[in-house]
Structure formats: structure tokens, C-alpha cells
Amino acid sequence: MKGKNNVGKRNKWRKSMVLALALAGGLLFNTVQPTEVHAEETSQQMIDKKAKIDTEVKKLQEELKNLQQEIDEKVKVFNKVQADIKEVDANIVDTKKRIEQRSAILSDRMAAYQAQDNTVGIYLNAVLESKSFADLMDRVVAVKTLMDADQELVDQQEADKANLEKQKTTLDEKQKELQKQFQELQEKESEMEVKKAENEAKSLALKAQIATKQEEERLEAERKAAEEEAARLRALQAATPVVQATNNNNNSNDNDNSDASKSSKANNEKSVQKVVVGSGSGTASSGDAISTAKQFLGRSYVWGGSNPSTGFDCSGLIQWSYQQAGVSLPRTASQQYLATQRISASEARVGDLVFFSYGSGIAHVGIYLGNNTMIDAQNKGVVIESLDWWNQYLVGFGRI
């Protein structure tokens with residue numbers, strides 16, 4: 001009887017265990033299954049989010065690409081005008097050479113004529129001294145040929161002189177056009193710097209949204225650095241020249257006595273500021289950098305050039321020259337401005353950098369040589385020039 005009771009208890013226990021396992025299984029199913037579904041949804045959401053972020057990052061890259069294409073097109077036009085100027089220069093040299101050679105011939109003819117009573121007498125004697133009719137005809141033909149040749153020389157001389165004036169006018173127009181494009185390109189570079197830094201910060205912020213915790217911390221640090229750089233470069237966009245050099249206006253008319261002109265001139269005279277630039281001695285490294293830069297005097301300006309094999313733009317010349325002197329500088333004019341210590345014009349000494357803006361960001365840079373001069377790479381190439389014309393765009397000086 002006791003055995004039967006034990007069997008019944010075991011059966012009852014088994015049923016209870018089966019029921020408990022069934023319930024546990026049901027609970028397990030009910031709790032795990034939704035988690036798996038949730039995980040699947042999160043994964044899909046992450047995939048969608050990554051795709052969206054990749055698209056946004058690509059848009060930022062496309063924006064920079066389009067801006068670079070604009071710059072590239074401007075560079076092509078700039079290079080074309082440079083080539084046109086070289087061609088006009090060569091034509092002017094040839095024209096001047098022809099004029100000089102022809103002037104020598106005409107001078108010799110005039111000297112010969114002046115040795116006689118008159119030009120007609122020379123030709124008349126040549127005809128009267130003929131020994132026969134055939135000789136006379138030959139002499140007449142020869143005289144006419146000489147007279148025609150003289151007149152042709154004079155006509156050619158006048159034509160070349162007129163052509164030379166046209167060539168000089170064309171050259172002047174081309175140089176003005178090149179200067180304008182030079183300034184536009186430099187401002188575009190400044191704009192590109194800001195856009196690169198801004199888009200880099202945006203790109204890093206987007207990528208951080210789908211990064212691991214460790215990657216997120218790294219990306220966040222990089223984003224902050226990029227934002228700080230963008231803010232500094234953006235602030236430079238507001239940099240404006242410290243001087244209004246109104247006395248360099250090529251379009252001014254000194255004979256204009258109108259009331260409006262007098263008023264404008266009076267206002268200009270009030271707005272002009274005298275720039276007193278120092279001429280202190282430079283350091284050994286700045287002396288080495290200047291010596292290096294002078295090796296490239298006369299070298300043509302090359303947009304984006306930063307070494308002798310490619311040629312130089314303004315900041316490329318500065319970076320290369322100082323690099324040879326053991327001093328590391330950033331690549332662009334804006335970055336070089338940020339990397340140097342601000343000093344006043346009166347404190348400037350040989351080897352300091354001098355910065356310029358056309359109204360939107362730091363666009364040009366040169367090495368100050370003292371005595372109101374600098375060496376720089378500009379649209380006419382690597383030159384030593386006065387600051388007088390550049391003072392209208394002067395932003396300030398920087399010490400390395």
C-alpha cells in the first residue's frame with residue numbers, strides 16, 4: 001500500500017515538473033523572442049542610419065569637390081591669361097626690335113641725304129649721269145625702287161609704332177585681368193580652407209553617431225579640433241585691410257575740379273593712414289629663408305606650387321624657404337597667419353611675414369625685407385617689391 005502511494009507521489013511530482021518546465025518554457029519563449037525581434041529592429045535601424053549618414057558625408061565631400069572644380073576652372077583661365085601675356089610680351093620685343101633696326105636704316109639714309117643739297121638732287125644726278133637710254137631706264141627703275149623702298153620703310157615704321165601702342169594697351173589690360181583673377185583665386189582658397197574645416201567637423205559628428213564608444217571618443221576629440229580650426233579660419237574671413245590707400249587709384253583724374261571730386265578727395269585724405277613700418281634686423285633663420293627665396297626671383301607664379309619642381313604660389317614660397325632654414329610653417333596664407341605672433345607694423349623686422357586681404361580672409365603673404373619692401377610670389381612671379389601699392393590690402397605682420 002505504501003509502495004503504491006510512493007508511485008503516485010512520483011507520478012504527481014513528474015506531472016508537476018512537466019508542467020513547471022512547460023510554464024518555464026513558455027515564459028522563456030515569451031521573454032527571449034521579443035528581445036530577438038527588438039535586436040533585429042535595432043540592427044536594421046542602424047543600417048538605415050549608417051546609410052543616411054554615409055549619404056550626408058558624401059554630400060559634404062561633393063560640396064568640396066564642386067568648390068575645387070570652381071577653383072580649377074579659375075586656375076585654367078589664370079594660366080591662359082599668363083600665356084597670353086607672355087605672347088604679347090614676346091610680340092612687343094619683336095616689334096621694338098624691328099623698329100630699332102628700321103630706325104638705324106632710316107637714320108643712315110637721312111645722314112646720306114643731309115650730306116647732299118636735297119634728296120631730289122641725289123636721284124636727279126643719278127638720272128642725268130646716265131650714258132645711254134637703256135642706262136637711263138635702268139637708273140630710273142633703280143631710283144624708283146629706292147624711293148619706294150624708303151617710303152615702304154617709313155610706312156612699316158609707322159605701322160609698327162601704331163601696333164606697338166596697341167600691344168602695350170593689350171598687355172596692360174591682360175595684366176589687370178591677371179591681377180583680378182589672382183585676387184579672386186586667393187580669396188577662393190581662403191573660402192576653401194574654411195569649408196574644408198567646417199565640413200570635416202560635420203563629417204566627424206555624423207560618423208560619431210554610428211561609432212563604438214572608443215571610436216566615438218576619438219571622433220569627438222577630432223571634431224572639436226576641426227570646429228576650433230573652422231572657427232579661427234571663419235573669423236579671418238572678417239579680416240579687413242588696416243589702410244585705405246586711396247592715393248593708388250589709377251582711375252583718378254588730377255584735372256577733375258568738380259565739387260564731387262574735391263569732396264571725395266578731401267574725404268580720402270582724411271581716411272588715409274600713414275603706415276610706419278619698422279626695419280629691425282632679422283634672425284639667422286630668417287636670413288637663410290630670405291636667401292633661399294631670392295634664388296627664385298623671376299620664377300613664374302604657379303597656383304598651388306610649393307617647391308622648386310612645381311613652382312610657387314605666395315604661401316608655398318614662404319613655406320619652402322623657411323623649411324630650408326629649419327622652420328616648419330603651415331601651407332596656406334591663413335594658416336601661416338594663425339601660426340605666427342601678431343606684431344605692429346612699427347615693430348616689424350627683416351624676416352617677419354606680412355599679410356594681406358582683399359576683403360574676405362587672409363589671401364596673400366610675403367617676407368618683409370625692411371625699408372618698406374618684401375619678397376613674394378604674386379601674379380607677375382617671384383619679385384622684390386615695395387609695400388606702397390600693397391598697403392591698401394595690408395592686414396598686419398606676423399613673427400615666426
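A salt bridge is a side-chain nitrogen of Lys or Arg within 4 Å of a carboxyl oxygen of Asp or Glu. With that in mind, select Lys-176 and Asp-172 in this predicted model, where their side chains meet in a salt bridge with 3.4 Å from N to O. Lys-176 and Asp-172 are four residues apart in helix α3, so about one helical turn separates them, and Asp-172 is partly exposed, its relative accessible area being 38%. While you are looking at salt bridges, add Glu-70, Lys-188 and Glu-191, which are joined into one network by salt bridges that share partners.

Next, move to Asp-84 and Lys-80, another salt-bridged pair, whose closest N and O atoms are 2.9 Å apart. Both belong to helix α1 (residues 2–114), where being four residues apart places them about one helical turn from each other. Asp-84 is buried, with a relative accessible area of 13%, whereas Lys-80 is partly exposed at 49%.

Now select Asp-160 and Arg-98, whose side chains meet in a salt bridge of 3.0 Å, N to O. This pair links distant parts of the chain, since Asp-160 lies in helix α3 (residues 133–208) and Arg-98 in helix α1, 62 residues apart. Asp-160 counts as buried at 10% relative accessibility, while Arg-98 is partly exposed at 34%. In total, the structure holds 19 salt bridges.

Turn then to helix α4, residues 213–236, which has 24 residues and reaches 35 Å from its first C-alpha to its last, close to the 34 Å expected. Among its buried residues are Leu-219, Arg-223 and Leu-233.

The last stops concern aromatic rings, for which a search of the whole structure finds ten pairs. Select Phe-356 and Trp-390, which form a tilted pair, 5.0 Å centre to centre with 50° between the planes. Phe-356 lies in strand β4 and Trp-390 in the loop between β7 and β8, so the pair ties together parts that are 34 residues apart in sequence. Both of these residues, Phe-356 and Trp-390, are buried. Tyr-368 and Phe-397 form an edge-to-face pair, at 5.6 Å and 80°; Tyr-368 is in strand β5 and Phe-397 in strand β8, so this pair ties together parts 29 residues apart in sequence.

Finally, widen the selection to Phe-356, Tyr-358, Trp-389, Trp-390 and Tyr-393, which form one aromatic cluster, and then select Arg-342, whose charged end sits over the ring of Tyr-337, 3.8 Å from its centre.

Technical notes: Residues numbered from 1 in each chain as written. Predicted model: local features only at pLDDT ≥ 70, side-chain atom pairs only at ≥ 80, totals over all residues. Heavy atoms only, no water. Phe/Tyr/Trp six-rings, centres within 6.5 Å; stacked < 30°, edge-to-face > 60°. Helix = DSSP H or I, 4+ residues; strand = E, 2+ residues; numbered from the N terminus. Buried < 20%, exposed > 50% of the residue type's maximum accessible area, 1.4 Å probe, protein only. Lys NZ or Arg CZ within 6 Å of the ring centre and 35° of its normal. Expected span 1.5 Å × (residues − 1).
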